[in-house]
Amino acid sequence: IRIGLTGTPLQNSPCDYFNIVNLVDTEAFDMSLADFQRMFATPICNAQYHDATPSVQQRGRDQTAVMRSLLHPVVLHKSSAVLRRELKPKTEYMLVYKYDDAAAAKLRLVDMRAAYLSAQHRVDEILRATKVRIVGDMLAGMGPTDAALVFSEHPKTLQALCTRLRGRARVIEGNTTVPHRQALLDEFAAAEFDVLLLSLGAGAVGINCQRACKVTIMDPRENP
């Protein structure tokens, strides 16, 4: 028996959906990927554009309904509500931190008219020590069985935090090879260390860390 699982909701393309279903039951669609793209993926995706005409939108709805009817025997639609009784309550905090006069003086010299990302990286460089100190102090208060994920847009910030944590943490970045990444995930799951540091780009794809009970987002992804 094969079972395929998707996220809630499925955040990938219709072709990813085809591959998941086809792995479980090759007869569910009974067509090639090229035929699926022509009959379903293309009209469904075209209907989602903001400037799609009413006829294109209707075509997308029609093909979505057809696809659902084909998949009804093999796909079980469930929301996250089925897990609510099993999951512990989630508590969120937003921490606003202060920086010293020296950092304030440096921030005033940042040319915000420069390239957006360049300016933001300079701001992170100036505030890095403050952020690393605050997050390091937060992680120092973890319980003996706790595990944490820490996300940052800036790899140098993660490396600085890893140094501060002195062996308690490992880092996954965009240049981390797939075998090394999997080895780190396996070690984290086996409780060989208790803090996993991830860059936002690398941590956004293909990462499952059920062991973690605390998540810290040091800074949002830069998206002007």
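Contact here means that heavy atoms lie within 4.5 Å. The exercises below use this sense of the word throughout, and they concern a predicted model.

**Exercise 1. Helices H1 and H2**

Task: Determine which residues of H1 and H2 meet, and describe how the axes of the two helices are arranged.

Solution. Begin with the residues: from H1, Pro14, Cys15 and Phe18 take part, and they meet Leu33, Phe36, Gln37, Ala41 and Cys45 of H2. Sorted by class, the residues of this contact are seven nonpolar and one polar, with no charged residue. Next consider the geometry, for which two quantities are needed, because two packed helices are described by the angle between their axes and the distance between the axes. The axes of H1 and H2 come within 9 Å and cross at roughly 140 degrees. Since angles over 145 degrees would count as roughly antiparallel and those from 65 to 115 as roughly perpendicular, this angle makes H1 oblique to H2. The last step is the hand, and the crossing of H1 and H2 is right-handed.

**Exercise 2. Helices H2 and H3**

Task: Carry out the analysis for H2 (residues 33-46) and H3 (residues 54-71), giving distance, angle, hand and composition of the contact.

Solution. The axes of H2 and H3 come within 8 Å, and they cross at roughly 130 degrees. H2 is therefore oblique to H3. As to the hand, H2 passes H3 in a left-handed crossing. On the side of H2 the contact is made by Phe36, Met39, Phe40, Pro43, Ile44 and Asn46, while H3 contributes Val56, Arg59, Gly60, Gln63, Thr64, Val66, Met67 and Leu70. Divided by class, the contact of H2 with H3 holds nine nonpolar, four polar and one charged residues.

**Exercise 3. The surroundings of Phe36**

Task: State whether Phe36 is buried or exposed, and list the residues it contacts beyond its neighbours within four places in sequence.

Solution. Phe36 lies in helix H2. Its relative accessible area is 0%, and because buried means under 20%, Phe36 is buried. With neighbours within four places in sequence left aside, Phe36 is in contact with Pro14, Cys15, Phe18, Phe29, Met31, Ala41 and Met67. Several of these names recur from the helix pairs: Pro14, Cys15 and Phe18 belong to H1, and Met67 belongs to H3. As for Pro14, which is 22 residues from Phe36 along the chain, the C-alpha atoms of the two are separated by 8.9 Å.

**Exercise 4. Ser152 and Asp124**

Task: Locate Ser152 and Asp124 in the secondary structure, decide how accessible each residue is, and identify their contacts.

Solution. Take Ser152 to begin with, whose place is in strand E1 (residues 148-152). With a relative accessibility of 0%, Ser152 counts as buried. The side chain of Ser152 reaches the backbone nitrogen of His154 at 3.1 Å. Apart from neighbours within four places in sequence, Ser152 contacts Thr157, Leu158, Leu198, Ser199, Leu200, Met218 and Asp219. Turning to Asp124, this residue lies in helix H5 (residues 116-140), and a relative accessible area of 4% makes Asp124 buried. Not counting residues up to four places away in sequence, Asp124 touches Lys131, His154, Thr157 and Asp219. Comparing the lists, Thr157 and Asp219 are in contact with Ser152 and are likewise touched by Asp124.

**Exercise 5. Positive phi values in loops**

Task: For Asp30 and Ala191, give phi, the loop in which each residue lies, and the accessibility class.

Solution. For Asp30, phi is near 55 degrees, a positive value in a residue other than glycine. Asp30 lies in the loop between helix H1 (14-24) and H2, and a relative accessibility of 63% places Asp30 among exposed residues. For Ala191, phi is near 65 degrees, again positive in a residue other than glycine. Ala191 is located in the loop between helix H7 (178-189) and strand E3 (195-199). At 48% relative accessibility, Ala191 counts as partly exposed, because a residue must be over 50% to be exposed.

**Exercise 6. Gly167**

Task: Find where Gly167 lies and how far its C-alpha atom is from that of Met94.

Solution. Gly167 is in the loop between helix H6 (155-165) and strand E2 (169-172). With 51% relative accessibility, Gly167 counts as exposed. Gly167 and Met94 are 73 residues apart in sequence, and their C-alpha atoms are 27 Å apart in space.

Note on methods:
Residues numbered from 1 in each chain as written. Predicted model: local features only at pLDDT ≥ 70, side-chain atom pairs only at ≥ 80, totals over all residues. Heavy atoms only, no water. Axes fitted to C-alpha atoms, helices over the stretch in contact; angles between N-to-C directions. Helix = DSSP H or I, 4+ residues; strand = E, 2+ residues; numbered from the N terminus. Parallel < 35°, antiparallel > 145°, perpendicular 65-115°, else oblique. Left-handed = near helix turned anticlockwise from the far one by under 90°. Nonpolar A, V, L, I, M, F, W, Y, C, P; charged D, E, K, R; others polar. Buried < 20%, exposed > 50% of the residue type's maximum accessible area, 1.4 Å probe, protein only. Polar contact = N/O pair within 3.5 Å; in protein donor to acceptor, adjacent residues only side chain to side chain.
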